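Here are my notes on the model you asked me to look over, set out as numbered points. Please read them with the coordinates open.

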Amino acid sequence: MASFTNLFTSYPELSSTIISCFFFLLFYYKTTKKSKLPTNWPIIGMLPSVGLNANRLHEWGNEVLKESGCTFKFKGPWLLNMDYVVTCDPANINHVFNVNFSNYPKGDEFVEIFDILGDGIFSADDESWKSQRKRAHYAMSSSNFQRFVTKCSEDKVENALLPLMCKIAKGGCVVDLQDVFLRLTFDLTCNLVFGVDPGALSEGFPTVPFARAMDDAMEALFFRHIVPSFWWKLMRWLNIGKERKLCDAWGVIDDFVAQNIVKKKEVIIYGCDMLTCYMEEEDPKATDNKFLRDTTVNLMLAGRDTTGVALTWFFWLLTKNPRVKSKILDELGELLDEKTYDTSKLVYLHAALCESLRLCPPVPFERKCAVKSEDLPSGKIKSKEKILFLTYAIARMERIWGEDCLEFKPERWISERGKLRYEPAYKFLSFNCGPRTCLGKHIALTQMKIVAISKFDVEVVEGHVVEPKRSIILHMKNGLMVRVKERREFM
Ligand code: HEM
Ligand SMILES: *[C@@H]1O[C@H](CO)[C@@H](O)[C@H](O)[C@H]1NC(C)=O
């Protein structure tokens, strides 16, 4: 930020022009504006409204889509290629993610923005994506792997999370639950990807440079979405601001995965983890260091933050909805009476988790790009035009989820006969939809259930403000400060 300020102070004429323009626009905007839709200014397009709403982009996106009927054309400044079709319309989602999937790859700009992911599965398209998906699916779907993940998660909760929470409860101190959960899911994801537990969730909360680097990287990637591309490229070239943080983070991330890959290659501690599975393949490309680097970085990004923040929002929603919490405990009590300990029987808990993921999707938006122009259900889309899907807004549309859409109501996921109700993924995009549906959905839900039924309870510290952070993952900006209580009901 300091170097950014320097840039302004060294060119006083430029900065005073920019500042007076800004105030003029602000004044104009405040006095003429009634509708929530952004004004399309000559030359600069709708960019000023992004600036004005920079601190509440998710809510703003939601308001704009509500007023415009689920689809909105965002106009960026001239010549800067920042136009987007912004939508949360299930018909569009179904079309793009299912019906005409092949016309909507991630696109070159995605690869450019998410350069840190290399050629991994997230930014891959076509053949590369197909073969990577097949491989990842193969590695993750074996019952051996699933058992391994369940066992690791149960052990970790029993031996690390619970003792820590009990200790915090006894000490009566305040803790950031988001930090705790991100440490937990970091250890869990490292274990399933590399077969090692780095011990981020241990007493004294050791600093974990890799985890910190991921946070910095994700913030920088978010900013690449809301500033013109020439701007972030210039900052990258000058190595300043968020781009500098990203560059440092990249180094830390690469070091971490390289160390783990080397260890695995030398010592060959074969386990049930994904890296072992990949390295056992005959294909020389599958054991190539660049390929393993990209794959493991992608999997770390896929698993750690998503599940960590999903748990945080879930616990927060429970503190605000005691009715749901007691119904979860009732169901758990009945299950324990039966003496069979199978989390897949917890229908109400499953519904509550889906409901939490609906309202607070860990991946709050997704982007695609059209190859050829065609008709979307909401209207024409041009070749090379970009589409932004606001997952966060889908849950908040009355026309999609009904008048009670803002309420936390697990019941909407349960049928009259008490079974789980199926909701199509184009209405519930939290795990994506169509051929690119999240491969870790089952793993994530299993892990979340194991944490949700463990014996501690939390109470949010009074006055703590919960709001989303500006990132590509729906982190809580100020964390979630809580006091912990032991839960004795089932001991
Ligand atoms: C609550 C937790 C999770 C949520 C909300 C979630 C959500 C998502 C979403 C939205 C996508 C699509 C991203 C895109 O295409 O841009 C995705 C893809 C993916 N997820 Fe997850 N995920 C979660 C947990 C996991 C876990 C634990 C793993 C495995 C370690 C995982 C593995 C993957 C993979 C490999 C893909 C890429 C699929 C493809 O492109 O074909 N996810 N996930
Ligand atoms: C899919 O997109 C192509 C353009 O790539 C278009 O010609 C075709 O009609 C679309 N198909 C459907 C089913 O909408």
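Where in the protein chain is confidence lowest, and where is it highest?

1. Since this is a predicted model, I begin with confidence. The minimum falls in helix H1 (residues 2–9), with a mean pLDDT of 56, while the maximum, 97, belongs to helix H16 (residues 347–359). Over the protein chain the mean pLDDT is 88, and 90% of the residues reach 70 or more. Where pLDDT is low, the predicted coordinates should not be read in detail.

2. The iron atom of ligand 1 deserves a careful look, given that the protein supplies a single donor to it, the SG atom of Cys 438, at a distance of 2.3 Å. Cys 438 is found in the loop that runs between helix H18 (398–401) and helix H19 (441–452), and it is also listed among the closest residues to ligand 1, together with Lys 106, Trp 129, Arg 133 and Asn 432.

3. The oxygen atoms of ligand 1 are approached by several polar side chains. For Lys 106, an N or O atom of the side chain is 2.8 Å from a ligand oxygen, and for Arg 133 the corresponding distance is 2.7 Å. Trp 129 likewise places a polar side-chain atom 2.8 Å from an oxygen atom of ligand 1. As for secondary structure, the elements that contribute two or more residues to the shell around this ligand are helix H7 (126–141) and helix H14 (289–320), and H14 makes the greatest contribution, with 5 residues.

4. Taken as a whole, the surroundings of ligand 1 comprise 24 residues, which divide by class into 14 nonpolar, 6 polar and 4 charged. The space that ligand 1 takes up is the largest cavity, and I would suggest that the description of this site keep the composition of the shell and the cavity together.

5. Ligand 2 should be described separately, with its own list of surrounding residues: His 95, Val 99, Asn 100, Asn 103, Lys 372 and Glu 374. Two of these deserve mention for their side chains. In Asn 100, an N or O atom of the side chain is 2.3 Å from an oxygen atom of ligand 2, whereas in Asn 103 a polar side-chain atom lies 3.2 Å from an oxygen atom of that ligand.

Methods: Residues numbered from 1 in each chain as written. Chains lettered and ligands numbered in written order. Predicted model: local features only at pLDDT ≥ 70, side-chain atom pairs only at ≥ 80, totals over all residues. Heavy atoms only, no water. Near = heavy atom within 4 Å. Polar contact = N/O pair within 3.5 Å; in protein donor to acceptor, adjacent residues only side chain to side chain. 1 Å grid on protein atoms, 1.4 Å probe; cavity = no way out; pocket = protein on both sides within 12 Å on 5 of 7 lines; lining within 4 Å. Sits in = over half its atoms within 2 Å of the grid points. Helix = DSSP H or I, 4+ residues; strand = E, 2+ residues; numbered from the N terminus. Nonpolar A, V, L, I, M, F, W, Y, C, P; charged D, E, K, R; others polar. pLDDT = per-residue confidence, 0-100. Donors = N, O, S within 2.8 Å, 3.2 Å for Na, K, Ca; no water.
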